[in-house]
Amino acid sequence: MSSAANDSQIRDLKLAPQGKLKIDWVAAHMPLLNSIKDQFAKDKPFKGKKITICLHLEAKTAYLAKVVQAGGAEVAVVASNPLSTQDDVVAALVDSGIYGYAWYGATMEEYKHHIQLALDFRPDAIIDDGGDLVSTLHSERLEQAKTILGGCEETTTGILRLRAMEKEGKLQFPMMAVNDAYCKYLFDNRYGTGQSVWDGIMRTTNLVVAGKTAVVVGYGWCGKGVAMRAKGLGAKVVVTEVDPIKAVEAVMDGFAVMPMIDAARIGDFFITVTGNKDCITAEHFYVMKDGAVLCNAGHFDVEINKQDLYALAKTVRKVRHNIEEFMFADGRKVYLLAEGRLVNLAAGDGHPAEVMDMTFALQALSLRHVVENRAELQPKVYSVPAHLDRYVAQLRLKTWGVQIDELTEEQKRYLDSWVE
């Protein structure tokens with residue numbers, strides 16, 4: 001048995017063949033990562049390095065781990081969410097020599113312990129999603145944090161945490177804000193979240209969307225995608241916002257905009273996508289109609305106040321996989337999907353492979369950029385270099401067989417000049 005198999009903590013290594021089929025399927029639909037994997041296998045940019053990857057552990061993230069492994073790295077994976085791990089996929093990774101510390105349905109104690117084990121791996125660089133890996137390094141393993149070359153952050157919540165650390169002068173190593181790259185948020189956040197959220201809702205509830213009212217809480221790029229797909233499914237869409245500019249945008253995109261307390265009275269589906277806590281609380285539960293469905297697509301399970309739900313409920317029962325029913329004293333029932341965790345991953349397979357192909361291409365290239373340029377980088381949050389963003393877009397167009405125009409030298413000179 002391999003060292004990875006001996007040292008990992010996973011559900012069942014015998015699930016590996018099933019997980020390998022899932023990874024093979026997404027690999028067949030991720031041509032950008034295939035191209036980068038071939039380049040990494042040739043160049044070995046991570047030779048002699050250990051990389052810990054903290055992501056939602058499903059087939060697409062597994063393939064990213066294998067691409068990093070192809071670059072010469074020794075790799076460990078750990079979950080960024082207790083409910084998004086697919087045990088067969090993690091087993092397949094361990095079977096291929098990657099260390100794994102995760103299983104589906106981990107308690108918070110187990111989840112935190114797995115992160116500690118992934119840091120015991122003593123990584124030289126990291127990929128994080130939501131900031132738990134970085135946060136643990138800085139709060140509990142500060143000396144180890146000082147040895148990290150750097151890493152990449154996948155999502156909005158993690159970048160907010162990183163910027164807060166940088167502002168306080170606490171960040172110990174450079175981190176690439178992959179979520180802020182054009183090829184991430186314009187496509188992953190909008191088209192990926194939009195499709196995968198409704199995939200998760202529909203497969204979990206088996207309810208019709210057309211003709212119902214969908215309340216989208218937050219109109220960032222993820223909210224835009226969720227609202228767009230809800231409209232395409234035939235729903236009446238309401239947006240709630242705290243940012244007046246985004247609210248104007250939602251109105252001009254054709255959606256109703258109102259305070260949450262008003263939306264709570266008319267919504268059939270509620271989807272939170274803000275990255276903030278307490279977006280839906282007791283005052284909103286009091287006025288919701290019978291049968292309302294609640295779910296979250298933000299990174300942490302804090303956007304829907306679950307403590308308020310449990311306090312108000314007369315009875316709580318599981319009525320279907322990933323659906324909890326809360327019945328209030330007046331007989332009304334509301335339903336919470338996936339324990340208020342990311343509905344698209346906890347109750348689905350996450351974003352489509354072709355969308356994540358772009359995001360994970362950015363992750364792989366950004367990780368290489370950090371490792372190869374560490375001497376020039378300060379302990380700050382960095383944007384993905386523009387040339388990498390454009391390179392990923394060019395790869396995407398190439399796989400589609402799409403060609404575009406190029407500026408002539410005269411046009412370039414014109415754009416660079418301040419005189420006619």
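**Exercise 1. Is Asp349 buried, partly exposed or exposed, going by its relative accessibility?**

Before we start: this is a predicted model, in which local features need pLDDT of at least 70 and side-chain atom pairs count only at pLDDT 80 or more, while totals for chains, interfaces and linings use all residues. Residues are numbered from 1 along each chain as its sequence is written, and side-chain values use heavy atoms, with hydrogens and water left out.

Step 1. Recall the cut-offs: buried means under 20% relative accessible area, exposed means over 50%, and partly exposed lies in between (1.4 Å probe, protein chains only).

Step 2. Asp349 has a relative accessibility of 39%, so it counts as partly exposed.

Step 3. Now place the residue: Asp349 sits in the loop between α16 and α17. Helices (H or I, at least four residues) and strands (E, at least two) are DSSP runs, numbered from the N terminus.

Step 4. Look for its partners, where contact means heavy atoms within 4.5 Å. Setting aside neighbours within four places in sequence, Asp349 is in contact with Glu58, Lys60, Gln86, Arg203 and Asn344. Thr85 is 264 residues away from Asp349 in sequence, yet their C-alpha atoms are 9.9 Å apart.

**Exercise 2. Describe the surroundings of Tyr99, Asp132 and Thr155.**

Step 1. Tyr99 belongs to strand β3 (residues 99-101). Its relative accessible area is 10%, so Tyr99 is buried. Leaving out neighbours within four places in sequence, its contacts include Ser3, Asp7, Val77 and Phe121. Glu74 is also in contact with Tyr99; the two are 25 residues apart along the chain, with 8.5 Å between their C-alpha atoms.

Step 2. Asp132 is in helix α7 (residues 132-140). With a relative accessible area of 13%, Asp132 is buried. Beyond four places in sequence, Asp132 is in contact with Tyr111, Ile115, Arg161 and Phe300. From Asp132 to Gly158 there are 26 residues in sequence and 7.9 Å in space, C-alpha to C-alpha.

Step 3. Thr155 lies in the loop between β5 (150-153) and α9. Its relative accessibility is 18%, so Thr155 counts as buried. Not counting residues up to four places away, Thr155 touches Asp129, Gly130, Asn179 and His299.

**Exercise 3. Work out how long helix α11 is and what covers its buried residues.**

Step 1. Helix α11 (residues 221-232) has twelve residues. The expected span of a helix is 1.5 Å times one less than its number of residues.

Step 2. From first C-alpha to last, α11 reaches 17 Å, close to the expected 16 Å.

Step 3. The buried residues of α11 are Gly223, Lys224, Gly225, Val226, Ala227 and Ala230.

Step 4. Their cover includes α10 (182-205), β7 (213-217), β8 (236-240), α12 (244-252) and β10 (269-272).

Step 5. Just after α11 comes Gly234, with a positive phi of about 95°.

**Exercise 4. What is the sign of phi in Arg122 and in Glu339?**

Step 1. Start with the background: most residues other than glycine have a negative phi.

Step 2. Arg122 has a positive phi near 60°. Its place is in the loop between α6 (108-120) and β4 (125-128), and its relative accessible area of 46% makes Arg122 partly exposed.

Step 3. Glu339 also has a positive phi, of about 60°, although it is not a glycine. Glu339 is in the loop between β14 (333-337) and α16, and at 38% relative accessibility it counts as partly exposed.

**Exercise 5. Summarise the protein chain as a whole.**

Step 1. Count the elements: the chain has 19 helices and 15 strands.

Step 2. Check the compactness. The radius of gyration is 22 Å, close to the 22 Å that the globule rule gives for 420 residues, so the chain is as compact as a globular protein of that length. This radius is taken over C-alpha atoms, and the rule is 2.2 Å times the number of residues to the power 0.38.

Step 3. Along its principal axes, the C-alpha trace spans about 70 × 65 × 45 Å.

Step 4. Buried residues make up 55% of the 420 residues. Among contacts between residues at least 6 apart in sequence, 71% join residues at least 24 apart.
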